[in-house]
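Biologist: I would like to go through the strand pairing and the backbone torsions of a model. Please give the general idea before each case.

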Amino acid sequence: MTKLFQTFALRGITLKNRFMISPMCTYRAGQDGMAHDWHLMHYGRLAAGGAAIVMTESISVVPDGRHCYGDIGIWNDEQIVPLKRITDFIKAQDSIPAIQLQHAGRKASSTRPWHGGARALDETDLKLRGEKGWTVVAPSPLPYTPSAPTPRELTTAEVRELVTQYAAAAERALRAGFEIIEVHAAHGYLINEFLSPVANHRTDEYGGSLQNRMRFLLEIIDVVRAIWPEDRPVLVRVSAVDGVEGGWSLDDTVALAQELKLRGVDAIDCSSGGMGGSAVNARVSRGPGFQVPFAERVRLDAGIATVAVGLILEPAQAAEIVDSGRADIVAIGREALRDPNWPNVARTQLDPAGGYAHWPDPVGWWLDRRAQSLAAKD
Ligand SMILES: Cc1cc2nc3c(=O)[nH]c(=O)nc-3n(C[C@H](O)[C@H](O)[C@H](O)COP(=O)(O)O)c2cc1C
């Protein structure tokens, strides 16, 4: 039997299988950044679908860190209440609730994708939906694309203040019942902007050398790890490569993963891209499992558990990734949007003898009877 359905220990947490629901923005919160019933339904059905870990979408640590007005926030105590309902429900489905913490940096103050392809908010959005844009911040005053607004450069004191805001968010995440925390350091958002030489031209201790560019993330990990209980895991999602000329490289990711491991990070979630800029020769071409080689290299060279993600479309493909030791966990994104039961479907497909025993009773019992009826007709 494939390792895909075997348990895996991350500190004091035992995953029941190797599936994680990949963090995916739903853009459904109100302007107050509150989660509500729609989120409970969405994450609830993903938990009932059989994944060991249900990771939330990226949740903002400060209001101005929101990518758009649909983002959930965790910058005040009221926001804990609906999140606690969601974590309680996920746990009741025998799944583990995980939260992704985020600041969108120079990509904040954008529209939802279906309101104009994630461009900067402008007067039209204010008129149509009452969505007022705000000044975005970044390590350096460099726009994401030539037509994007120029961000304001964070002062050194503001960078340090943001570190404390990650700590406050982690403390609220704990009270909201999350068992795993993932720091989002990928996709061209704030932490990724500090890491990448393309977006970080600072001259203080947060810019320049690789060690200095890593400092913001490492300080965040130190404060998060200090709050997060010893028996609960901390993950970091990275863009393993920027995929742009002169950008962050896979060697940089291995060096970062080694540092993160020393600071108590338990797994690296290996994504890529999002930095903008010229990508003529450096772009990562996208096909099934295109980011798996990143997870494999980090796992091997940094000696840390990894999550593979990106166009993992077939159960056998997921099994091969885990069984060949290329990653410890597979994250499923859009396949789970298409079918929230995907992990359970994968198990029934790869282990037909097990039938539907692992599905929730109100579903599995009937699917099992149906399968027996169909088999009897043959
Ligand atoms: C609708 C949508 C929202 C996403 N939001 C996030 C996010 O909040 N945080 C993040 O790290 N990645 C986000 N991603 C990236 C996914 O987590 C995942 O890495 C990507 O979709 C590739 O995996 P897939 O091919 O299984 O979908 C998002 C992707 C989609 C499709």
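**Strands and torsions**

Modeller: In this predicted model, strand E3 and strand E12 (residues 329-332) run parallel and are joined by 3 bridges.

Biologist: What do strands of a sheet pair through?

Modeller: Strands of a sheet pair through backbone hydrogen bonds, and the arrangement is either parallel or antiparallel. Here, Phe 19 stands opposite Val 330 in E12.

Biologist: Which strands make up the closed barrel?

Modeller: The barrel has 8 strands in the order E3-E4-E5-E8-E9-E10-E11-E12, and the pairing is parallel. From one strand to the next, the twist averages 25°.

Biologist: Now the torsions. What sign of phi do most residues other than glycine have?

Modeller: Most of them have a negative phi. In this model, Tyr 27 has a positive phi, near 60°, and is not a glycine. Asp 94, also not a glycine, has a positive phi of about 65°.

Biologist: Where does Tyr 27 lie?

Modeller: Tyr 27 is in the loop between strand E3 (19-21) and helix H1 (37-48).

Biologist: And where does Asp 94 lie?

Modeller: Asp 94 is in the loop that runs between helix H2 (80-92) and strand E5 (96-102).

Biologist: Why is Tyr 27 classed as partly exposed?

Modeller: The general idea is a count of neighbours: 20 or more other C-beta atoms within 10 Å would make a residue buried, and 12 or fewer would make it exposed. Tyr 27 is partly exposed because it has 18 other C-beta atoms within 10 Å. Asp 94 has 13 other C-beta atoms within 10 Å, so Asp 94 is partly exposed too.

Key: Residues are numbered from 1 along each chain as its sequence is written. This is a predicted model: local features need pLDDT of at least 70, side-chain atom pairs count only at pLDDT 80 or more; totals for chains, interfaces and linings use all residues. Helices (H or I, at least four residues) and strands (E, at least two) are DSSP runs, numbered from the N terminus. Two strands pair if DSSP finds at least two bridges between them. Axes are lines fitted to C-alpha atoms, for helices over the stretch in contact, and angles run from 0 to 180 degrees between N-to-C directions.
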